[in-house]
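Student: I would like a close look at one part of this model, please. Could you walk me through it step by step?

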Amino acid sequence: MSPNRRELFAALLTAGAIRAAHAADEPVIPGKRPMILHNDRPEDLETPVRYFDSYLTPIDAFFVRQHLPRPAPIDRAQYRLTVNGMVSKPQQLTLADLEKLPQHTLPAVIECTGNGRGFYSPKVPGIQWLRGAIGNAEWTGPRIADILKLAGASESAAYLETDGADTGAINTPDFIRSLPMKKALHPATLLALKMNGQPLPDIHGAPARLIVPGWDGTSSVKWVIRLSAAAQPNNGFFMNPGYRYPKYALPPGTPARPAELEVIEGMPVKSSITAPEDQAKLPLGPVTVRGFAWAGEEAIERVDVSTDGGSRWQPADLTGPKLPFAWRLWKLDWKPTQPGYYTILSRATDTAGRVQPIVSPWNPSGYLWNAIDRIGVLLERA
Amino acid sequence: MRIGIALIFLGAALAADQATLDRGQKEEARDCVACHSLRLIHSQRLSRATWNKELDKMTGWGTKITDRDALLEYLVANYGDDKPAPPPAMSQDGAKH
């Protein structure tokens, strides 16, 4: 080995050793099991698929997407929710005021608008989520409609603007979102105070967060401190150009056309395979293929699975109620008789007849990935 | 053997520009950490044009970049779209905290 090569190999070995040493230094995120760490400050944490084995995703496994540094924890006694704008009785509501309103509970998925971004090619900027920026939890709190009624919101207000307590460093824009009033007044749209029966944890928006069932996760603003009835939608970064999708599909790799971007609303139909894990090696024998499926404001009608790359499909067994907003778990008991490498696919169909596509349209921000899911497994004789 | 030779050439090519890359890495450490950890950068694999646009976006949000060319070279050399995706990092167990 020449001196040059020796040096180079030594350098490569050192780099490897440094990486190995750093693995033990990864941060602990209080309240969370080991999560896929895309960003620790602020926290962007993806749920590993192996945790998706229950209808309700446990809080300690639920994904986290923070746009901005987390605000200082909000004291429950000091908390005030401002309700203003086009209202006849502006309000400063305490947590006790909100708890006095009728409380409603519903299971609903929150999925990051960019879940699956890492599957797009060419690559687009943003967190490279794969399957795990999603979770299904039970949310409890008053209806937004009841809060707006308390404040006497004008019937001519077309939008609800929501501000979270998080603020950006330097000139990073504030996180403000607008919802069409029709969706804000929907009986399933809540100001959640509880998640899976527990007071909302700080990392998920304590003490109160919006839940906008069936819409993209970014609609469900955390640490809500202000609701404003308005005539027009907010036009800040997180409404425009953030979280917009091309009205007309673009050739992959081409820049967005700002005038042709639209606000994302309801989410598409989608299924994901959670077991086996992609590229798993398993002994030849029966395998349970499992996953979840959801369809935004629709419910899941069926999930079909192929274990041969899409030649033949079989219906999976669905569990759980057929509800809009929430996911359904599915499984297929597969009894392969031959060893080898298998490509397994899952394809969901919803109650509106939407079917998961083979190709998810490329878009410059990598939103709304919902292509038929695909994993590979190698079955070997024991 | 061929791989070994290829590595030597790769090493030489990198070494030629090492000073710029070092300056770029210093820029990154100075400019990018006010709002987020470096993981957010290091987990992505983007083309030169896309990294350049990201620098525009961050500049617009108030990041002061002194040596933008060096920062861009460093990002492309280390986190270009021709590089393989990094293995996922996992946080340590915090469920009991």
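Student: Into which domains is chain A divided? Please take a close look at how they meet and at the core around them.

Tutor: Happy to. Keep in mind that this is a predicted model. Chain A is split into domain 1, covering 45-263, and domain 2, covering 270-380. Between the C-alpha centres of domain 1 and domain 2 of chain A there are 27 Å. Where the two domains touch, domain 1 of chain A contributes 29 residues and domain 2 of chain A contributes 22.

Let us stay on the domain 1 side of that contact. Two elements of chain A each give two or more residues to it, namely β6 (104-111) and β15 (244-246). The largest share is that of β6(A), with four residues. Sorted by class, this side of domain 1 of chain A holds 19 nonpolar, seven polar and three charged residues.

That brings us to the nonpolar core. In soluble globular proteins, nonpolar side chains tend to be buried together. Here the largest nonpolar core comprises 81 residues, and those with the most contacts inside it are A:Val109, A:Leu160, A:Leu191, A:Ala192, A:Ala293, A:Trp294 and A:Ile344. Strand β19 of chain A, residues 287-294, gives the most to this core, namely five residues. Domain 1 and domain 2 of chain A each supply at least three residues to this core.

A:Ala293 is a good place to zoom in. Leaving out residues up to four places away in sequence, A:Ala293 touches A:Lys270, A:Ser271, A:Ile300, A:Val303, A:Trp327, A:Arg328, A:Trp330 and A:Ala348. Another core, of eight residues, lies apart from the largest one, and B:Leu46, B:Trp51, B:Ala70 and B:Leu71 are among its members.

Since chain B has come up, here is how chain A meets it. The contact involves 30 residues of chain A and 29 residues of chain B. On the chain A side, α1 (3-23) and β1 are the elements that give two or more residues. The largest share there, five residues, comes from β1(A). By class, this side of chain A has 15 nonpolar, seven polar and eight charged residues.

Finally, β1(A) leads us to a small piece of sheet. This open sheet of three strands in chain A has the order β1-β2-β3 and antiparallel pairing. Because β1 (36-40) and β3 (64-65) of chain A each have a single partner strand, they stand at the edges, and one side of each is left without a neighbour in the sheet. Strand β2 of chain A, residues 43-46, is joined to β3(A) by two bridges. A:Leu45 has A:Val64, in β3(A), as its bridge partner.

Notes. Residues are numbered from 1 along each chain as its sequence is written. Chains are lettered from A and ligands numbered from 1 in the order in which they are written. This is a predicted model: local features need pLDDT of at least 70, side-chain atom pairs count only at pLDDT 80 or more; totals for chains, interfaces and linings use all residues. Two strands pair if DSSP finds at least two bridges between them. Two residues are in contact if their C-beta atoms, placed from the backbone, lie within 7 Å. Ala, Val, Leu, Ile, Met, Phe, Trp, Tyr, Cys and Pro count as nonpolar, Asp, Glu, Lys and Arg as charged, and the others, Gly among them, as polar. Domain bounds come from an automatic or database domain assignment. A nonpolar core is a set of buried Ala, Val, Leu, Ile, Met, Phe, Trp, Tyr and Cys residues joined through C-beta atoms within 7 Å. A residue is buried if 20 or more other C-beta atoms lie within 10 Å of its own, exposed if 12 or fewer, and partly exposed in between; C-beta atoms are placed from the backbone.
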